[in-house]
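User: I am new to reading structures and would like to be walked through this one feature by feature. Could you give me the general idea each time, and then the case at hand?

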Amino acid sequence: MFNNPSGIVCDSLSNFFVLDVNNSRIRKITPEGTVSTFVGGGSQWPTGTGISASIIVNSSSSIAIDRSNVLWVATSGGYLIRVGTDAYVSSTLLNGTTWPWGVCVDSGENVYISDSYGNKIWRYRRTGVLEVFAGSGNLGSADGNGLFTSFNTPTALAADSADNLYVWDSGNRKVRRINQNRDVQTLTGGSPANADGQSPSFNSVFGMCVDSAGELILACGSSVRKMSVTTNAVTMAGSFTQTGYANGAGNVARFNGASGVCISQGAIFVAESANQRIRSITLNAPTQPVLPANLRLNTYPGLQITGAVGRSYQIQSSPDMTTWSTVATLLLTSSPYLWIDQNPVAGNEFCRALLLP
């Protein structure tokens, strides 16, 4: 059980770490699904180890992980919490910050913190030096370079493989990008309405991450959305207008408080604060079980698909159920649907159907 899980990251061994805010803990989930307390619940502050340590977090706290599997948590009071792989907790007071919110780490293990009240993006260098990376501190939405830019309540942060930063500028409802030259560019947004497409808009964003293709994955409360490098956005799962709890494909799914997001093993994992769950969104469509699993009409193989009408399916074939190749993609017009391979075969051919995203 969880109590307001608001952030999630994954290490290089496919272990998940969840920021369990109302329990003041960081929980660990193994690849097999075993949940334990990694740190928190104790009385030792500002340093300590494991369950003897105390961590101070609130609803605006966020979590990130660097390439050495060290965890970083930005929290109220101007603290940056470091948690090593040995579960040793240490804290740094970020003098000058007003209300740290978002946190992310670049490839050089420099940590970036969004100061939501101070309207700045800070960089905490691995050498221990804290500096303003972007933002004048004045309220606004000016693009430009470094200190000659402005934000309005920046919150969620993410970094891509090229060390570009992505900022949810919540007061302006804009997604903005900062490169390592400190150039700030508004990518999209500005409207209070949610809209997908080439010029998308976002009402709220609570967490972000970047996939291997440079696409931005955004946890938006009642939905999980994706924006490409060309700023084309789609809703992967959930609804703009309806909250709740429901599993299913695409807009059939319902979320309530999708606030943290990360990618691991070809899937997206979501920390859902109001439903007290960790959810997954499968990117690589699983093989759909079909009954019968295989059939043959003379020398023409095929299979019967019982699935979702109006969805696309990929048909794959194999001579040995080890090596699979794509032979067709079809739109399911009825269910059950009988598909027959028009190419006769002399030996064995096994067929399977995959539901496409």
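Analyst: Let us begin with contact, which means heavy atoms within 4.5 Å. In this predicted model, local features need pLDDT of at least 70 and side-chain atom pairs count only at pLDDT 80 or more, while totals for chains, interfaces and linings use all residues. Residues are numbered from 1 along each chain as its sequence is written, and side-chain values use heavy atoms, with hydrogens and water left out.

User: Which residues does Ile26 touch, if residues up to four places away in sequence are not counted?

Analyst: With those neighbours set aside, Ile26 touches Phe17, Val18, Leu19, Ser36, Thr37, Phe38, Val39, Ile55, Ile63, Leu71, Val73 and Val83. In the protein chain, 44% of the contacts with a separation of 6 or more are between residues 24 or more positions apart.

User: How should I read a nonpolar core, and which members of the largest one touch the most other members?

Analyst: A nonpolar core is a set of buried Ala, Val, Leu, Ile, Met, Phe, Trp, Tyr and Cys residues joined through side-chain atoms within 4.5 Å. Buried means under 20% relative accessible area, exposed means over 50%, and partly exposed lies in between, with a 1.4 Å probe and protein chains only. In soluble globular proteins, nonpolar side chains tend to be buried together. Here the largest nonpolar core has 18 residues, and Ile26, Val39, Leu71 and Val83 touch the most other members. Two or more residues of this core come from each of the elements β2 (16-20), β4 (35-40), β6 (62-65), β7 (71-75) and β8 (79-83). Another core, of 15 residues, lies apart from it and includes Phe202, Leu218, Met227 and Ala233. Across the protein chain, 50% of the 357 residues count as buried.

User: How many helices and strands does the protein chain have, and what is the order of strands in the open sheet of five?

Analyst: Helices (H or I, at least four residues) and strands (E, at least two) are DSSP runs, numbered from the N terminus. By that reading the protein chain has zero helices and 32 strands. Two strands pair if DSSP finds at least two bridges between them. The open sheet of five strands follows the order β5-β9-β8-β7-β6, and its pairing is antiparallel. Its edge strands are β5 (48-49) and β6, each of which pairs on one side only. Within the sheet, β7 and β8 run antiparallel and are joined by five bridges, with Ala74 standing opposite Leu80 in β8.

User: Where is Gly33 in the hairpin of β3 and β4?

Analyst: Gly33 is in the turn, where it has a positive phi of about 95°, and five residues lie between the two strands of that hairpin. Strand β3 (residues 25-29) pairs with β4 in the antiparallel sense over five bridges, and Lys28 stands opposite Ser36 in β4.

User: Why is there no bond between the sulfur of Cys209 and the closest cysteine sulfur?

Analyst: A disulfide is a pair of cysteine sulfur atoms within 2.5 Å, and the structure holds zero of them. The sulfur of Cys209 is too far for a bond, because the closest cysteine sulfur, in Cys262, is 6.6 Å away. For Cys262, the closest cysteine sulfur is in Cys10, and 5.5 Å is likewise too far for a bond. Cys209 counts as buried at 11% relative accessibility, and Cys262 is buried with a relative accessible area of 6%.

User: How many salt bridges are there, and which parts of the chain does the pair of Arg225 and Asp196 link?

Analyst: A salt bridge is a side-chain nitrogen of Lys or Arg within 4 Å of a carboxyl oxygen of Asp or Glu, and the structure holds nine. The side chains of Arg225 and Asp196 meet in one of them, at 2.8 Å from N to O. This pair links distant parts of the chain, 29 residues apart, with Arg225 in strand β21 and Asp196 in the loop between β18 (183-189) and β19 (207-210). Arg225 is buried, with a relative accessible area of 0%, whereas Asp196 counts as partly exposed at 33% relative accessibility. Another salt bridge joins Arg176 to Asp169, with the closest N and O atoms 2.9 Å apart, and both residues are buried.
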